[in-house]
Amino acid sequence: MEIMSSTPFERTQRVAVLGGGPGGYEAALAAAQLGAEVTLVERVGVGGSAVLTDVVPSKSLIATADAAVAISEASDLGVQFFAKGAHGKPLKPEIAINLAAVNKRLLALAGQQSEDMRSTLLESGVRILSGHGRLEGPNAIIVSTGPGGTDFDRVEADTIVVSVGASPRELDSAKPDGERILTWTQLYDMKALPEHLIVVGSGVTGAEFASAYMNLGAKVTLVSSRDQVLPGEDPDAAHVLEKVFKRGGMTVLSKARADSVVRTENGVLVTLADGRTVEGSHCLMAVGSIPNTAGIGLEDAGVELTESGHVRVNKVARASVPNIYAVGDCTNFFPLASVASMQGRTAVFHALGDIVIPLEKVKVTSNIFTAPEIATVGLGEKDIENGAAEGLVYKLPLAANPRAKMMGIKDGFVKIIARKGSGTVIGGVIVAPKASELIYPIAVAVERRLTVDQVSRVFAAYPSLSSSITDASRAMHLVNIS
């Protein structure tokens with residue numbers, strides 16, 4: 001008697017992704033690579049607001065500001081610019097910023113990036129639906145498409161990944177109008193450099209735009225409700241940045257809470273809580289963001305939200321419903337594009353049974369794109385002071401670095417935090433041009449639990465800014481015998 005063998009039928013896993021930002025994009029791509037049937041629902045375009053109105057355009061604007069600074073400071077390196085005037089006499093030209101051209105370019109870059117991401121998904125076999133989506137229970141998404149959202153598609157799924165992002169927080173006393181009172185998504189409609197930009201909010205977004213517009217040549221006033229810019233960040237880093245801001249002509253109003261912002265005949269009037277007023281041509285409201293989780297059926301599907309409306313997730317981005325995951329700024333984890341991307345892949349790997357490494361906040365690398373940039377990873381000096389870990393801190397000024405001297409860099413430092421006794425690197429801060437690139441070796445050290453001695457044995461090119469990391473780790477050699 002012949003025994004017939006057969007393989008049980010296994011239905012292809014169906015993954016639906018609501019929102020095509022960095023997290024949703026990576027989730028869809030990873031799911032397709034693992035052989036799932038994937039549908040991505042996005043209402044504004046692949047890449048979401050991160051690509052179209054936030055990260056990509058803002059960092060492109062900052063790159064332009066960096067170029068303007070490089071030109072203005074070139075004379076310090078012996079480079080001079082002249083135009084010939086009457087009778088051949090040299091005239092020193094002024095740097096002019098064509099903001100309309102700048103904004104046109106950066107929005108074009110954002111649009112191209114979105115198209116590139118869309119093409120990658122389509123080539124990978126992802127089905128893309130354009131429209132507004134909402135959950136219908138834990139196993140389906142209803143998508144309103146067509147003119148006026150009159151047509152509907154139903155997407156059934158075994159796994160749902162929510163990646164709906166967040167929007168700028170608006171205050172009733174300072175309602176954005178898109179012309180004079182602006183959110184960071186509305187800045188790119190300006191045709192000319194603001195005569196006097198008042199930035200309300202000194203967190204990451206406020207500091208980045210204040211830095212960029214100052215370096216583009218605008219008069220800038222930064223209104224900070226705290227005693228330093230970038231509250232919550234490394235105090236030494238915040239001090240360096242505030243010093244650079246003031247040296248560049250920025251007015252920084254500390255411990256000054258804005259009560260209201262109203263339009264005037266030719267600009268805006270900001271009234272502070274202590275009664276003082278500040279007049280300017282434009283005002284940027286950078287007072288945080290709110291998750292786009294309202295009205296999309298999360299609560300009805302059983303998904304638990306925090307009081308602020310964020311989806312509560314664990315270290316593999318899983319929500320309170322077993323087959324629903326959430327990634328990015330709509331979650332309570334960490335509002336960074338890089339984290340959203342990692343969450344997206346982690347969520348899909350977990351849902352589809354692939355190898356998963358749970359995410360840990362302490363290993364997240366973050367960067368603030370001011371000038372100079374501020375990059376951090378792992379535990380901070382405050383954690384050592386508060387007793388969260390027993391460690392030692394070493395800070396090396398960047399001005400001591402030979403490459404920094406060649407480049408005319410005066411501000412910044414490298415700070416390494418190591419565990420006392422073992423010398424294991426548990427954190428780091430870099431304040432420098434392109435700190436976002438320089439932080440990577442320290443991030444690897446934190447992730448792989450390298451000691452300062454192991455880091456110090458890695459050859460760094462001479463001269464290079466990265467050799468400051470080597471020098472700082474060598475200076476901490478005594479950590480191992482203390």
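How much space lies in the second largest pocket? I looked that up to get going, and the pocket holds about 950 Å³. Note to self: this is a predicted model.

**Entry 1: the second largest pocket**

I listed the lining next and got 27 residues for this pocket. Val69, Ala70, Glu73, Ala371 and Pro433 are the ones that lie nearest its centre. Then I asked which elements give two or more residues to that lining, and I found α3, α5 and α6. Of the elements, α3 gives the most, with 4 residues.

**Entry 2: the nonpolar cores**

I had read that in soluble globular proteins nonpolar side chains tend to be buried together. So I went looking for cores here, and the largest nonpolar one has 39 residues. Leu61, Phe209, Tyr213, Val220 and Met250 have the most contacts inside this core. Helices and strands both feed into it: α3 (55-72), α4 (99-123), α5 (204-216) and α6 (235-247) each supply at least two residues, and so do β12 (196-200), β13 (219-223) and β25 (425-432). The top giver is α5, with 7 residues in this core.

I picked Leu61 for a closer look. Which residues is Leu61 in contact with, leaving aside its neighbours within four places in sequence? My list reads Leu99, Val102, Asn103, Leu106, Phe209, Ala212, Tyr213 and Leu216. I also jotted down that there is a second, separate core, with 28 residues. Ala16, Ala157, Ala301 and Leu336 are among them.

**Entry 3: the cavity**

How many cavities of 30 Å³ or more does a search of the whole structure find? I got 1. The volume of the largest cavity is about 40 Å³. Its lining is made of Ile416, Val425, Pro441, Ile442, Ala445, Val455, Ile469 and Ser473. Two helices, α11 (440-448) and α13 (467-475), give two or more residues each to that lining. The largest share is from α11, at 3 residues.

**Entry 4: cysteines**

I searched the whole structure for disulfides and came back with 0. Then I checked two cysteines. Is Cys283 buried or exposed? Cys283 counts as buried, because its relative accessible area is 0% and the cut-off for buried is under 20%. Cys330 is buried too, since its relative accessibility is 0%.

**Entry 5: two spots on helix α4**

I looked at Gly111, which has its place in helix α4. Its relative accessible area is 28%, so I wrote down partly exposed, as that term runs from the 20% cut-off to the 50% one. I also checked how far Gly111 is from Leu52, and their C-alpha atoms are separated by 6.4 Å. Along the chain, Gly111 and Leu52 are 59 residues apart.

Gln112 is found in helix α4 as well. Gln112 is partly exposed, because its relative accessible area is 46%. From Gln112 I went to Pro372, which is 260 residues away along the chain. The C-alpha atoms of Gln112 and Pro372 are separated by 28 Å.

**Entry 6: an annotated stretch**

Last thing: I checked the UniProt record, an unreviewed entry. It has an annotation reading "domain: Pyridine nucleotide-disulphide oxidoreductase dimerisation", and this covers residues 366-472. In the model, the end C-alpha atoms of residues 366-472 lie 20 Å apart. I noted the make-up of this span as 33% helix and 29% strand.

Technical notes:
Residues numbered from 1 in each chain as written. Predicted model: local features only at pLDDT ≥ 70, side-chain atom pairs only at ≥ 80, totals over all residues. Heavy atoms only, no water. UniProt positions renumbered as here; feature names shortened; annotations may be inferred. Core = buried A, V, L, I, M, F, W, Y, C linked by side-chain atoms within 4.5 Å. Buried < 20%, exposed > 50% of the residue type's maximum accessible area, 1.4 Å probe, protein only. Contact = heavy atoms within 4.5 Å. Disulfide = S-S within 2.5 Å. 1 Å grid on protein atoms, 1.4 Å probe; cavity = no way out; pocket = protein on both sides within 12 Å on 5 of 7 lines; lining within 4 Å. Points joined across faces, edges and corners; volume = space filled by probe spheres on them.
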